[in-house]
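Me: Hi, I've just opened this one and I'd like a quick tour. Can we start with a single residue and work outwards?

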Amino acid sequence: MRAFLREWVFSLDHKVIGKQYLAIGVAMAAIGAFAAYIMRWQLAFPNVAAPLYGLVDPGPYNAWLTLHGTIMMFFVAMPILLGAFGNFLIPLMVGAHDMAFPRLNRASVWILFVASVVLVASLFVEEGPAAAGWTNYAPLSIDPMYTGVGIGFDLWLVAVFLDFVSVLLSGLNVLTTALNMRAPGLSLGRLPLFVWTQVVAAVLFVFSAGPLMGAILMMLGDRHLGTGFFVVERGGAPLLWQHLFWFFGHPEVYVILLPALGILFEVFATFCRRPVAGYRWVLGALWASAGLSFLVWAHHMFVSGMSVRLALPFSITTIIISVPFAMVVFALIATLREAALERSTAMLFALGMLATFLVGGVTGIFLGSPAVDMYLHDTYFVVAHFHYTLFPSVVLGGFAGLYYWFPKMFGRMLDESLGRWHFWLTWLSFHAVFLPLFVAGTRGHMRRVYDPTQYEFLQPLLPIHRIATVAALVLLASQMVVVWNVVRTLWKGQRAEGNPWGGTTLEWATPSPPPAENFMRIVQVTRAPYGYEQTGSGVQPLPQWVERDAP
Amino acid sequence: MNHDEHNRSGSLASRQLGIAGLYWFLASEAALFGGLCLAVVYLRAGSGDWSNAAAHLSPGTAIVATVLLVSAAGFLRKGSTRDAHGSVPWLLGSLGAGLGFLALKTLDFHSHWTEGFRPEVSVFWASYFLLTGLHGLHVAAGVIVCGWLTGRIWRRQAWPARQVWVWGTRLYWYFVDAVWLSLLWLFYLR
């Protein structure tokens, strides 16, 4: 027991902590997926009892949709992309023994665990969990008379606050480690793009989280101290919550997207057997998009009642921000050119993410135009748009990373054939769920409505919901393939060598899995990453490192 | 971790990593207070009787509080240039000044409270109590760190990281002072 505590609960090893983040993210994803199941069942079969749950009443429906968004954004996307992959890989990729602040790292994952428990606990309080959407706008969220929710919302506020503390502390670690603990020869211009995306994401979070954390304090004051920050009758402004939320909320989606793009860069370079096209352009685009992301937030608020004069400037910045992301997409596509393409599940998921994200990104441009947004805001078009951006990032990108780095993390090779099944089932069913929702949105279908059939003009859209729900059930069931793959591989899978994919970055200089101190000898970096050369026996990697014995 | 400390590109000794981390932490705190200050500006623009409410604040208290906070920073500056033994009085000075600030603000809050000026009265008072309260919590944290530092140095164990810790506390205190000046501008200047 003491050994378990010492090795797992109290471990300072970034690799262990990374896996703990992964475990929390996966566990919360199961709850978030269950929430999605409840919603999709009710939409397709209104007022029919859902198997394993029962009848979905309006209040609980709102609670499930709130929980779904909250969990997926704050307790799945960030823990997996930042916490799991970031923590596990950054020290390895920069040639360090651990993160800069191992104890802070341990505290971060503990705080996340506590935050998760607090949020799950809100499921069990009498009046239910928060139910005003993951955005929990004032005044709907403030007063129990609107949603019936009591302490459930306070638990939400505390859980999100703690989650932010965890990510902030983790971000300090990422920034200090990546910028100040690099191996000899690893200049910033030779840093893997995965590390760069983690750095930019951490900077984004450091500067964007504060306003929402302040807003949470203000909201708690409004609910319990009688203050009126967001209450008109007490001199406040409900719109202020929206401004503070989205000032954070927009950089947040890039906090999630960028690490996923980082995974893409690594997977693309390795399986295309060539450098990422336009490394410096990509770097510039990442920073440009980061800066711009602080100037677009009110495109979430075009119809909120804010001054209409704000619509034009925010629309302009929103259109402009598509440019750096287009550059990143073009760089990835260009990397496919003259590529000696190697097939693998990781590459399938990476290609799938790129193609899917393209649709999501382009549909965002429609929403960036206030004239169009006036009709599409709060419809299923928005729901489809953000699932077409977030799902590829978190799920497709996350699985690309899992299949790619599983050998390094767990020392065994996942079954590639099962991986291909997993990809196609996941990817095709995803499109079947969300593509029809664009159509529903353009035909006026509002979001966050528990029973659309109560509106006559929405009744003809019920078949869309039925298709989406069946596809969603397939999507959820398909994840059993990867669960089976992981379980079987951990049990008796083929053991992995140090560099099974022929990567060029420093994590592949270690055994799989790496020993506690990561590198047995000092690692010297002699070249940029992603170098490959044509030899007699095919395209071979030019690793970044050479090992030298200590003097 | 020893061989990490030399010959690494862009690498700092482990003590200096703490300072790098501290800068990023202060950046996040700046975002927190900055966001709150902008929120208050937003609320002030929509509020009718802000100046009237602000008239009930005591400028004298604000001046003394400012002197205490700036002194604490000054003492830390002096203390950071001394050796271990010589820095202790200056750290105690900072600790005292910080405690004095907290005592003063507590009395100030109490007098507002008994006069009936409470957070629920108006958006001015809600903002005032939230921001100065949050700032006070940060001062308290700084006081605790000063106390911990003093205790550790006093115990006279050789502590290589001492200078970096004192320097870090000094940086933190500069930040706390900067926030206080922003609050002065936000609430006391009408």
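**Charged pairs, chain B and the interface**

Reply: Sure: A:Asp415 has a relative accessible area of 25%, which makes it partly exposed. Buried is under 20% relative accessible area, exposed is over 50%, and partly exposed is in between, with a 1.4 Å probe and protein chains only. This is a predicted model, where local features need pLDDT of at least 70 and side-chain atom pairs count only at pLDDT 80 or more, while totals for chains, interfaces and linings use all residues. Residues are numbered from 1 along each chain as its sequence is written, chains are lettered from A and ligands numbered from 1 in the order in which they are written, and side-chain values use heavy atoms, with hydrogens and water left out.

Me: Which side chain does A:Asp415 meet in a salt bridge?
Reply: That's A:Arg488, at 3.5 Å from N to O. A:Asp415 sits in the loop between strand S1 (412–413) and helix H14 (416–442) of chain A, and A:Arg488 is in helix H15 (residues 462–492) of chain A, so the pair ties together parts 73 residues apart in sequence. Helices (H or I, at least four residues) and strands (E, at least two) are DSSP runs, numbered from the N terminus. A:Arg488 is partly exposed too, at 30%.

Me: What counts as a salt bridge, and how many are there over all chains?
Reply: A side-chain nitrogen of Lys or Arg has to be within 4 Å of a carboxyl oxygen of Asp or Glu. The structure holds 5 of them over all chains. Side chains of opposite charge can pair when their charged atoms come close.

Me: OK, what about A:Glu338 and A:Arg337: buried or exposed?
Reply: A:Glu338 is exposed, at 65% relative accessibility, and A:Arg337 is exposed at 58%. These two form a salt bridge, with their closest N and O atoms 3.4 Å apart.

Me: Where do B:Lys105 and B:Asp108 lie?
Reply: Both are in helix H4 (residues 84–114) of chain B, 3 residues apart, or about one turn of the helix. They form a salt bridge with closest N and O atoms 3.3 Å apart. B:Lys105 is buried, at 7%, and B:Asp108 is buried as well, at 5%.

Me: What's the rest of chain B built from?
Reply: Chain B has 6 helices and 0 strands. Its C-alpha trace spans about 65 × 35 × 20 Å along the principal axes, and buried residues make up 49% of its 190 residues.

Me: How many disulfides are there?
Reply: The count is 0 over all chains, taking a disulfide as a pair of cysteine sulfur atoms within 2.5 Å. Among the buried cysteines are B:Cys37 at 15% and B:Cys146 at 0%.

Me: Switching topic: how many residues of chain A are in contact with chain B?
Reply: 43 residues of chain A are in contact with 31 residues of chain B, contact meaning heavy atoms within 4.5 Å. About 2900 Å² is buried between the two chains, with carbon and sulfur atoms giving 71% of that. Buried area here is the accessible area (1.4 Å probe) that two parts lose on being put together, summed over both.

Me: And how many salt bridges cross that interface?
Reply: The rule finds 0 salt bridges across the interface of chain A and chain B. Helices H6 (151–180), H7 (193–224) and H8 (238–272) of chain A each supply at least two residues of the side that touches chain B. H7(A) gives the most, with 9 residues.
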